[in-house]
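Q: Could you pick one part of this model and take me through it closely? After that, I'd like to see how some other parts fit together.

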Amino acid sequence: MSLESLNEILNKINTIKITHKHKRRIRVDVKADSLTTLLELIKGQASFLHLSAITCVDWIEDNQFELVYHVWSYEENCLISAHTRIDRDDAKFVTVYDLYKPADFFERDIYEMYGVFFIGSPRMEKFILTEWFGMPPMRKDFDSEAYVQETFNWTEYNPDWLQELSDQGGGIAIKPEDIRLSGTLHNKATHREREKAKKEHVVGKGWKS
Amino acid sequence: MKNTNKEGHSKSYKKLQTKKTLEEILDIAISFEKTARDFYTALIPNVSKNIRYLVEELAEEEQQHFDLFTNLKENSEVKKQLVKKINTPVEDHKFSDFVKLVDLGDNPDDQTILVYALAREDAAMKQYRDLAENAPKGELKDTFSFLAIEEAEHKLELEKKYYEIIHSGGPGM
Amino acid sequence: MKKIDYRDKGSILNPLKNLQFFARKPITEKLEPRPASASYRGFHINDMDLCIGCSSCQKICDNAAITMVEVPSIKEDAAKGIRNLRPAIDYGRCCWCALCVDICPTSAIEMTREYVHTCDGDDTDSYFVFPSENGIHDLKFAKGWTKTEDSDLLDRIRRPMGEMKPEARINNFDEVVDGFTMEMAVEEASRCVDCGLCEDACPAHMHAPNYIRSIYEGNLEQAVEWMYETNPFSHVCGRVCTHICEDACSLGRVDENGVKNSQPIAIRWLKRFAMDNVSKATIKHIAQKGKTHIKSGKSVAVIGAGPAGLTAAFDLAKKGHRVTVYEALPKAGGMTRYGIPNYRLPEDRLDQDIEVITSVGVKINYNVRVGTDISMQQIHQENDAVILAIGLHNGRSTRISGSDNKAVVKAVDLLRMIPQGDKFIAPKSAVVIGGGNVAMDIARSMARLQMKQHNKVNVVVSALEALGNSFLADDEEVSESLEEGITILDSRGPKQCVISKGRLTGLETVNVLSIFDNKGRFSPKYDNSDLQYHPAEMVIEAIGQSADITLLGKDLIEELDWDRGRIKINDNGSTSVEWLWSAGDMVKGPDVINAVADGHRVANDIDSYLTR
Amino acid sequence: MRPENYQAVPLGDSNEYEIFIGPNHPGIEGNYALKLILDGDTVVKGTTDAGYLHRGFEKLMEGRLWIQNLAIVPRICVPDPAPMEVSYSLAVEEIMGIDAPIRAQWIRVLQLELSRIAAHLFTFGGHAATTGMYTPMYWGVADRDLVLDLFEDFTGGRVYSIYNIPGGVRRELPEGFLEKLSHLLDYLESRQNDYDNLLFTNQIFVQRAKGVGVLSKEDALEYGVTGPNLRACGLAFDVRRDDPYLIYDQLEFDIPTQQKGDAWSRILVRRDELFQSIHILRQVIAKLPSIKGPIRTAIPNPLSWNVPAGEAYARVESSKGELAYYVVSDGGDKPYRVHVRGPSSMHAVQTLEFLAKGARIEDVAQIMFSLDACPPEVDR
């Protein structure tokens, strides 16, 4: 199929935006209500038989979920990524299971990880996170590192060399979580920061000096 | 204050040349150091307070020489050091040799004081060196050589100080 | 490859073919650790001398396995950029990806081919390892994964700073460097590993990592905000700072055992870039931040409108005190204006810094020479505190023979005349004595004037120190001077200014055999037999400088305590006289950023003195 | 539904009862489970139970610098980690608008094909073990170890190579590496007869594998099956040829297929693929010395490396099938979203459930293994 005729098919969707990223990648952006029509069109008329994946992206600042349907045509050797956005507060969408069986897996995964409910999808139930009852964890507002901090303890080590350094007045200065979990790599090693930390640690725990 | 360096040279040279023993020479050397020390000590109140430290240090250094020579005279153990010192001569760097000597005047500045002191050490060094050259081999020659080295060493130290104060803006920079 | 037909029925006896294995030699593997490959990612080693404690390894560690540990026995040296922090690794978290090795700015941390560690039961402490040169078990294992040029993760080379071609710049005082473009600045800023060694090294502790980060994020206003937290002379320092920070930068370490080629972040040029690209109005607005509107009712006099004095004035004015600055010369800036030529620091930049400072309420009285126009006593009586920050404006003379001739002049005096707009006729030929940055400043200024007036450069710089070894001026000053046609004669000691019939004809020099004593102290040694003569119409002395303290008057000089020629101050800049503080070059030696730092220190102390 | 000491549960009055295979059944590759409803020894219904290996990689990646994720991605599939690294790198490179230097692309192919060989050797043994044959497993693992030796040699790590970096690879090949590789390939080729005799044409195995877990081409397409599993149904699709990446379009290789879509077809496709990989590696050995030049395109300092906003879907052909990384950047120093599309997520869940239905209990393990599913690709 020529590029023109493919474009023609795609352009049957009124509000579509087509971006040819390269020879075998086409990005299309459609309104949520025309997504199913689009997939029907390209599956039915342009041999895009293979649903490679459905991705959900949480654009929390826009209060939207983006759903991306990656479909491949074995005949055209071309991948169309169909992007659409849905309201984050009303996270529901229609299933494409009737068109693509693998949607079962992807939709269930998205349901579990993002809490997007796919109407008509055969298995809107727990799968991977059987014992998880919190917020869908892939949502941007779920802070997994904070959860880890609250839930688990760090291993406290006290090897001889550390004891020795502590006796000399040294010891642990910057813990990895100070850097890793502060959400920024902002340096903690300057004199200013260390002096500040020392002052804070006098009353707190963990500072060995 | 008049600079007495130059004319003092020949007089003291003759004075030393006539001495024949180590003790006699050391006595003269000690008296020179004493004169120098007293000279600097007297100079202290005449200079501005900010540079008084220079003169104080000079007086202190002369005192150290005074002590060293006195000690040398009285203690035979120390004489071994004398021989050791001769074997490690100190080279004259000549760094300050081209700086013009001026009268100290009533209120000398740091550079003038340093130049004066350098000239004084230079003269003493040269004088002892001449004496050592002209003296016969033995204790006498050794003593003069030793004294020359002592003065050269002092000059070198002063030259380093001179570089720091005059050429780089001040000590510790 | 033999095809297997799907219809292949094979033979039930097929497995019997494998009976042949009874005839094959069995493969036996010894049950002992096999030597690992040459680039194996085994346990870590850390060269304690190469490691500077920058903690980049900790930042790149994707498993949060690295803890920075303070080792008191290691001597910290902020100016050299050495911290006593060293990495310790939690092998319960490490995944042996070697990103720490590949990012290490100094190639201190590496991996060996050792990979076996066992421990008893719950001795998990042994998993927390403090790697030294000898590795986890003190066993000397060959090195495994070490950084190669390919695997190095850091961007080692500076974005080049464009500058005017020598032909273009030699007949004018236009600024030599072009400055960064936004793109270059962002790229340069992106090289930063945010270790903060620069901040520790900077006398004023400028928050360089923060403003570099802001520049990287394209937020120049925020960058300027960071700068004004510590430095109201950011334009000046963006151009002529001695950039001790860059010497401490973890990317600037080159070592024969470590990284061979690496350049520090151009922190100074980044500062210049941010300052140049934020409007004066915005900067003024930023400078107002933190200014109190409650008047303290106290007044402070500052003598000398240089970086130290004005920084203190800036701080004190923001704290609500009435500040009056007395400046003997017609404009403010001190040595930054009257010592640094325009091609390095354009006056309008300095003017802007001053304008921002005065905008917070600092009053400057120009052309008032304390000691002549107003007495120290009067100032003392009118104010609660006085800051003395008069810098080092007296040039030293070599006092060699002929140096009292009127054609022998001091560099500081000449440099002061050039921006004052004096009609100065440059000599057709000049010899500069000295090898520091002042010598270069006057030599290059003179070369420019000569080119303008006589169309030919004839400047010789005669320095005691040897090029490439002990030379005092910055490398770039030397190379740019050479480009501009200036002759540098290094290792030459001045013997005499040759005078013929009362007229200077040139300078005679001798060879300097060596410059350091065995302890590394300056101790020049002359060879008087090696004479050279440099004809010149003018000899310029650019050696040391001193402070002109006559303004204090005899009594105050007598009252003050002194420290080897300088006013004795405590850590806060306070002198032995209760109402007097001293700051800047005159007590700390020549350096802009040190002066700024001093200004802050003194202002802090005065503020607590006034508000106690 | 994960009771400890699970007992078969009789379901009411029917003859059906429920049993649980996994999650640590020796016949299962990795940790996942299958809940089976049996009628006699026939499976009425199979349901995949995943999540035993869920480590939240996708979430983790959103919290880590672009480059830090390189140490994570290979962990998603232990037997075949190289495609993970390459796919992630390719996606980031596409967003950045950079390409790895040609030499690096060849080295990546070398790594990918070696990884494929190692993965297939692993699978042969596992598959055979589900039929009660353990010798191929010993052989496969022992020979795979020889491949790992080479990995160790040029990447510094035996399993988790962490060798790729957006922009290229981290290290040059060590001296004499290609000779070593060549020797290994010779050796592997010399083993062909042994493996054929022991496994591929061994009637004990063939009879067990033939006709088991038959997947028609239509069903395969319907269930999103890719890789060797798809090719065993007669569709010669391979990402390397049909959606080429790196320098695969400059290489010459066949795409082995089988028509029957059963377990034996699948293992035969893998067998043939292994030798195709050897064929590819021979080409790399011949060509690589003449390809000079850098192995890395410079990327900024990783601590402050902001990848421009954008997205990319990078597909590679792993030993299991179509592997893809969908990476989204919002212009920050960490990925905004990384979605790992593992081929096994299709094979281990819906396809397996489809094939299990009606199968006999003794074949279930073999069906699972013949799909060569890598459960962490499901769990991530």
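A: First, a residue is called buried if 20 or more other C-beta atoms, placed from the backbone, lie within 10 Å of its own, exposed if 12 or fewer do, and partly exposed in between. This is a predicted model, where local features need pLDDT of at least 70 and side-chain atom pairs need 80 or more, while totals for chains, interfaces and linings use all residues. Residues count from 1 along each chain as its sequence is written, with chains lettered from A and ligands numbered from 1 in the order written.

Let's take helix H2 of chain A, residues 35-46 (helices are DSSP runs of H or I with at least four residues, strands are E runs with at least two, both numbered from the N terminus). H2(A) has twelve residues and covers 15 Å from its first C-alpha to its last, close to the expected 16 Å; that expectation is 1.5 Å times one less than the number of residues. Its buried residues are A:Leu35, A:Leu38, A:Leu39, A:Ile42 and A:Ala46. Viewed down the axis of H2(A), they fall within an arc of 95°, so they line one face of the helix; the arc is taken from the directions from the axis to the C-beta atoms. On the other side of H2(A), A:Thr37 and A:Gly44 are exposed. What do the buried residues of H2(A) pack against? They pack against helix H1 (3-10) and strands E2 (25-29), E4 (64-73) and E5 (78-87) of chain A. Just after H2(A), A:Ser47 adopts a positive phi of about 60°.

Now for where chain A touches chain C. That contact takes 25 residues from chain A and 30 residues from chain C, counting residues whose C-beta atoms, placed from the backbone, lie within 7 Å. On the chain A side, two or more residues apiece come from helix H5 (160-167), strand E8 (171-174), helix H6 (176-180) and helix H7 (191-203). By class, this side has eleven nonpolar, ten polar and four charged residues. (Nonpolar means Ala, Val, Leu, Ile, Met, Phe, Trp, Tyr, Cys and Pro, charged means Asp, Glu, Lys and Arg, and the others, Gly among them, are polar.) E8(A) also runs antiparallel to strand E2 (residues 66-70) of chain C, with three bridges between them; strands pair if DSSP finds at least two bridges. In that pairing, A:Gly171 stands opposite C:Glu70.

Chain C has a contact with chain D too, taking 40 residues from chain C and 36 residues from chain D. Helices H1 (56-60) and H2 (99-103) of chain C each give two or more residues to the chain C side, which by class has 21 nonpolar, nine polar and ten charged residues.

Within chain C, strands E7 (residues 322-326) and E8 (residues 362-365) pair in the parallel sense over four bridges, and C:Tyr326 has C:Asn365 as its bridge partner. E8(C) has a covered face, C:Val362 and C:Ile364, and an uncovered one, C:Lys363 and C:Asn365. Strands E16 (residues 503-516) and E17 (residues 522-535) of chain C are antiparallel, joined by nine bridges, one partnership being C:Val510 with C:Leu531. Their hairpin has five residues between the strands, and C:Gly520 there takes a positive phi near 85°.

Notes. Two residues are in contact if their C-beta atoms, placed from the backbone, lie within 7 Å.
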